[in-house]
Amino acid sequence: SDSAMRHSAEEAFQAWWDPKAPSLSKYLSSKGLSDSKVNRLKWILRHTMGAPAAFEHRRHELAAISEKGSAEVNDNEVLQSFLESVKCGGTVARYLQHAQIGLILEDTLFVHGAVEESALGFVPSPLTRYTNNTP
């Protein structure tokens, strides 16, 4: 997002659950890439979401939908597709709105991903709204 781009690559979220995952700034410098929305998304997919092929899969999907060759779908079109999916009314946003993202079964919490140790015992108010999860 534009607000996330206001933070330097050094300030970006780190995948604490994967000690082998490079920071955004190390990823960019090791590949000789500029700090752009496209390159941040590629880092996020590969190193925080465990989906290293997702960017190219989306490119192929967009090509098939628009009856183009994959080479005709540029990186910014792929980026916009991801951004649209998480905006209000987007595919991912609608899924999360209706999904059960956690389940307590007896004394066990089941979630996709993880719960940080610092969150244990914290129960937010139903009125709590989060708007930005980056420092």
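This is a short walk through one protein chain, from its overall layout down to single residues.

A word of caution before we start. The model is predicted.

Let's take the whole chain. It has six helices and two strands. Read along the sequence, the order is α-α-α-α-α-α-β-β. So the helices come before the strands. The C-alpha trace spans about 50 × 35 × 25 Å along its principal axes.

Now the surface. The accessible surface of the chain comes to about 10200 Å². Carbon and sulfur atoms account for 57% of that. Of the 135 residues, 20% are buried.

Charges next. The chain carries 14 positive and 16 negative charges. The mean positions of the two sets are 4 Å apart.

And the contacts. Take those between residues at least 6 apart in sequence. Among them, 36% join residues at least 24 apart.

Let's go inside. In soluble globular proteins, nonpolar side chains tend to be buried together. What makes up the largest nonpolar core here? Ten residues do: V38, L41, L45, A54, F55, A63, V73, V78, L79 and F82. Three helices each supply at least two residues of this core. They are α3, at 37–47, α4, at 54–66, and α5, at 75–86. There is also a second, separate core of five residues. Among its members are A9, L24, L28 and W43.

Stay with V38 for a moment. Leave aside its neighbours within four places in sequence. V38 is then in contact with F55, D75, N76 and L79. F55 and L79 are also members of the largest core.

Now helix α3 as a whole. Its buried residues are V38, N39, R40, L41, W43, L45 and H47. Which helices do they pack against? The buried residues of α3 pack against α1, α2, α4 and α5. Look back at the two cores with that in mind. V38, L41 and L45 belong to the largest one, while W43 belongs to the second.

H47 deserves its own stop. This histidine lies in helix α3. Buried or exposed? H47 counts as buried, because its relative accessibility is 18% and the cut-off for buried is under 20%. Not counting residues up to four places away in sequence, H47 touches A15, A21, P22 and Y27.

On to α4, and to R59. This arginine sits in that helix. R59 is buried too, with a relative accessible area of 10%. What does its side chain reach? The side chain of R59 reaches the backbone oxygen of V73, at 2.5 Å. R59 also touches S70, N74, D75 and V78, along with V73. That list leaves out residues up to four places away in sequence. Two names there are familiar: V73 and V78 are in the largest core.

Now the loops. Start with D18, in the loop between α1, at 2–5, and α2, at 24–31. D18 counts as partly exposed, at 28% relative accessibility. Y95 is 77 residues away from D18 along the chain. The C-alpha atoms of D18 and Y95 are separated by 26 Å.

Two more loop residues, and both concern backbone angles. Most residues other than glycine have a negative phi. E67 has a positive one, near 55 degrees. E67 lies in the loop between α4 and α5. With 74% relative accessibility, E67 counts as exposed.

Where is E106 found? E106 is in the loop between β1, at 102–105, and β2, at 108–111. Its phi is positive as well, at about 55 degrees, although E106 is not a glycine. E106 counts as exposed, at 76% relative accessibility.

That brings us to the strands. L103 lies in β1. Its relative accessibility is 38%, so L103 counts as partly exposed. Setting aside neighbours within four places in sequence, L103 is in contact with T108, L109 and F110. Those three residues fall within the β2 range, 108–111. Now compare with G90, 13 residues from L103 along the chain. The C-alpha atoms of L103 and G90 are separated by 24 Å.

To recap. We have six helices and two strands. The largest nonpolar core has ten residues, and α3, α4 and α5 each supply at least two of them. R59 in α4 is buried, and its side chain reaches the backbone oxygen of V73. E67 and E106 sit in loops, each with a positive phi.

Technical notes: Residues numbered from 1 in each chain as written. Predicted model: local features only at pLDDT ≥ 70, side-chain atom pairs only at ≥ 80, totals over all residues. Heavy atoms only, no water. Core = buried A, V, L, I, M, F, W, Y, C linked by side-chain atoms within 4.5 Å. Buried < 20%, exposed > 50% of the residue type's maximum accessible area, 1.4 Å probe, protein only. Helix = DSSP H or I, 4+ residues; strand = E, 2+ residues; numbered from the N terminus. Contact = heavy atoms within 4.5 Å. Polar contact = N/O pair within 3.5 Å; in protein donor to acceptor, adjacent residues only side chain to side chain. Areas by Shrake-Rupley, 256 points an atom, 1.4 Å probe, with all protein chains shown as cover. Lys, Arg positive; Asp, Glu negative; His and termini not counted. Charge placed at Lys NZ, Arg CZ, Asp CG, Glu CD.
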